[in-house]
Amino acid sequence: MSEMRMNKSVSVDELEHAVTYGTDPFLSGDYHQTEKKRLWPQTWQVAERVEDIPNVGDFFTYNVADESVIVIRTAADVIKAFHNVCPHRGRQLIDVPPGVHSVRGNRLSFMCGFHGWTFDREGANTYILDEQDWKGALNPGCTSLSPVQVDTWGGWIFVNMNPNAEPLREFLGEAARLLAPFEFEKMRYKWRQWVIFDCNWKTGLEAFMEPYHVSATHKQLLKYGQYYSYSKAYGLHSVSGFDERDPEKRIKQSTTLARAGKGADARLSTYELQREQYETVNKSSTTETLVNAAKRLVDELPEGTPPDKVVAHWLASAKADDAARGVNWPEISPDEMSVAGLAWHVFPNLSITQGVTFALCYRTRPYGDDPNKCIFEAFALERFPEGKEPKPEWTYAEAVEEKWGRVLCQDFSNMAAVQRGMKSSGFRGTLPNPHQERKVTNFHRNLADLLDQPGPRRV
Ligand code: FES
Ligand SMILES: [Fe+2]
């Protein structure tokens, strides 16, 4: 970050204090234009999953703001990426009209539809009509496709359009280290859906960034435990998890235990929570194995078994059930589980809520040039027995309960309402919770600094 920048936000150490920031990041067309220049072409971001392009020649387009990137497997273990633009006169090489999620296929080469210039899978130009007309002035430096940096982590393909970007692993930092035990690379898509919302991409993402909203937005979940939470910044990225209201006990308990049955009978409440999550979070946030193992608790354990024993038994029997069907659990110690928290924000636009054999993820991107619209995507990952992985396509799904489940629709209900509310002349700026919503503030701190825009400041 240049020393010359004028708009430095609060430091990471100041996140524990009350801070505020304005609405420009959500509402301003200028802010959106700045993101188009200084965010999307400059930062690592998830393009897709590795399993989407298993064969040589498989490709997809990744589109964000004004950018479009072709990602292609060029060899068994090599993935490359190029800007989706013909170097002749700038036609998009693969047509991606607005409203198309992405274009997929398998190609030996790419031919531009305008004048026929052709490129191989490595991006090299292989054909120029009447090349002699340039009298030898053309060279690969100006006729090949512009390369984009590409790397993988956790089974995701990340791209970065900045040729001088830091390596992906450095960018991910502690997030990669703390999430490594979950072995996301061994998970596969269970379902994936997208929809367009009337809110900024950040408003959409932030609807999922903290459990502080559970008490009001998902009231039905309160009967299963307390949802007091912490959130913690790790550089660009941050995590939240369940916590204790008592400051003495904070961030010391496992996130699983925090919700293990508030009721009189932990056997029943553990099952009820699992069943409710499975039914209302669109068959995610848990697995069928975990739900079924929880259902048996009442038969397998005597009444009065303490909650920690109930949870230990439940997890051990689910692990055995999964092993019997060929799904091995990763070795994650209770400490690793605890420090990894509940849900991560991976800068700029990915959210990962992880479990031992599953993850529920969200990604948002701007839609067109309107800061009041975004593409919202959610997908569930899970470990499956080898050869039995489902292969769901991206599906456009209207924001209704039948398609997304009750809990996600409750989250959706806040998005456009926040976007509208922030336009009120009576809104004085955000007042994020300094303990529970630090993740949201850290996001704005980092984004504002990257864009050299005014960011969070002490109240
Ligand atoms: S713009 Fe692609 S060949 Fe002319
Ligand atoms: Fe929620």
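Helix axes that cross at angles over 145 degrees count as roughly antiparallel. In this predicted model, helix 9 (residues 266-280) and helix 10 offer a case to try that on: their axes cross at roughly 150° and come within 8 Å. Helix 9 and helix 10 are therefore roughly antiparallel to each other. As for handedness, helix 9 goes past helix 10 in a left-handed crossing. On the helix 9 side, the residues that take part are Thr270, Tyr271, Gln274, Arg275 and Tyr278, and they meet Leu290, Val291, Ala294 and Lys295 of helix 10. Sorted by class, this contact between helix 9 and helix 10 comes out as five nonpolar, two polar and two charged residues.

Helix 10 has another packing partner to look at. Helix 10 (residues 288-295) also packs with helix 12 (residues 307-324), here at an angle of about 130° and with the axes 9 Å apart. That angle makes helix 10 oblique to helix 12. This time the crossing is right-handed. Thr289, Leu290, Asn292, Ala293 and Ala294 of helix 10 face up to Trp314, Ser317, Ala318, Asp321 and Asp322 of helix 12. By class, the contact of helix 10 with helix 12 holds five nonpolar, three polar and two charged residues. Leu290 and Ala294 turn up in both sets of contacts, meeting helix 9 as well as helix 12.

Stepping back to the whole chain, how is the protein divided into domains? Domain 1 covers 43-172, and domain 2 covers 175-428. Taken over C-alpha atoms, the centres of the two domains are 33 Å apart. Where they touch, 15 residues of domain 1 are in contact with 17 residues of domain 2. On the domain 1 side, strand 2 (45-49) and helix 4 (168-172) each supply at least two of the touching residues. Strand 2 gives the most, with three residues. The class make-up of that side of domain 1 is six nonpolar, six polar and three charged residues.

Next come some strand pairings, beginning with strand 4 and strand 5. Strand 4 (residues 67-75) and strand 5 (residues 78-83) run antiparallel and are paired over six bridges. A hairpin links strand 4 to strand 5, using two residues to do so. One of the bridge pairs matches Ile70 with Phe82 in strand 5. Strand 5 is also joined to strand 10 (residues 147-153), antiparallel again, by two bridges. Here Ala81 has Val148 of strand 10 as its bridge partner.

There is also an open sheet of three strands, in the order 7-8-9 and with antiparallel pairing. Strand 7 (109-111) and strand 9 (125-127) are the edge strands, each pairing on one side only. On average, and ignoring direction, neighbouring strands in this sheet are turned by 30° against each other. Strand 8 (residues 118-120) is tied to strand 9 by two bridges, with the strands running antiparallel. Phe119 finds its bridge partner in strand 9, namely Asn125.

Another open sheet has eight strands, ordered 13-14-15-16-17-18-12-19, and its pairing is mixed. Strand 13 (229-234) and strand 19 (395-396) sit at the edges with a single partner strand each, so one side of each has no neighbour in the sheet. Strand 13 pairs with strand 14 (residues 237-242) in the antiparallel sense, over six bridges. Within that pairing, Tyr230 stands opposite Gly241 of strand 14.

Finally, two loops have backbone details worth a look. A cis peptide bond, with omega about 0°, joins Phe347 and Pro348. Where does Pro348 lie? The loop between strand 15 (343-346) and strand 16 (350-354) is the place. Glu183 is the other residue to note: its phi is near 50°, a positive value in a residue other than glycine. Glu183 belongs to the loop between helix 5 (174-179) and strand 12 (188-197).

Conventions. Residues are numbered from 1 along each chain as its sequence is written. Chains are lettered from A and ligands numbered from 1 in the order in which they are written. This is a predicted model: local features need pLDDT of at least 70, side-chain atom pairs count only at pLDDT 80 or more; totals for chains, interfaces and linings use all residues. Domain bounds come from an automatic or database domain assignment. Two residues are in contact if their C-beta atoms, placed from the backbone, lie within 7 Å. Helices (H or I, at least four residues) and strands (E, at least two) are DSSP runs, numbered from the N terminus. Ala, Val, Leu, Ile, Met, Phe, Trp, Tyr, Cys and Pro count as nonpolar, Asp, Glu, Lys and Arg as charged, and the others, Gly among them, as polar. Axes are lines fitted to C-alpha atoms, for helices over the stretch in contact, and angles run from 0 to 180 degrees between N-to-C directions. Angles under 35 degrees count as roughly parallel, over 145 as roughly antiparallel, 65 to 115 as roughly perpendicular and the rest as oblique. A crossing is left-handed if the near helix is turned anticlockwise from the far one by less than a right angle, and right-handed if clockwise. Two strands pair if DSSP finds at least two bridges between them.
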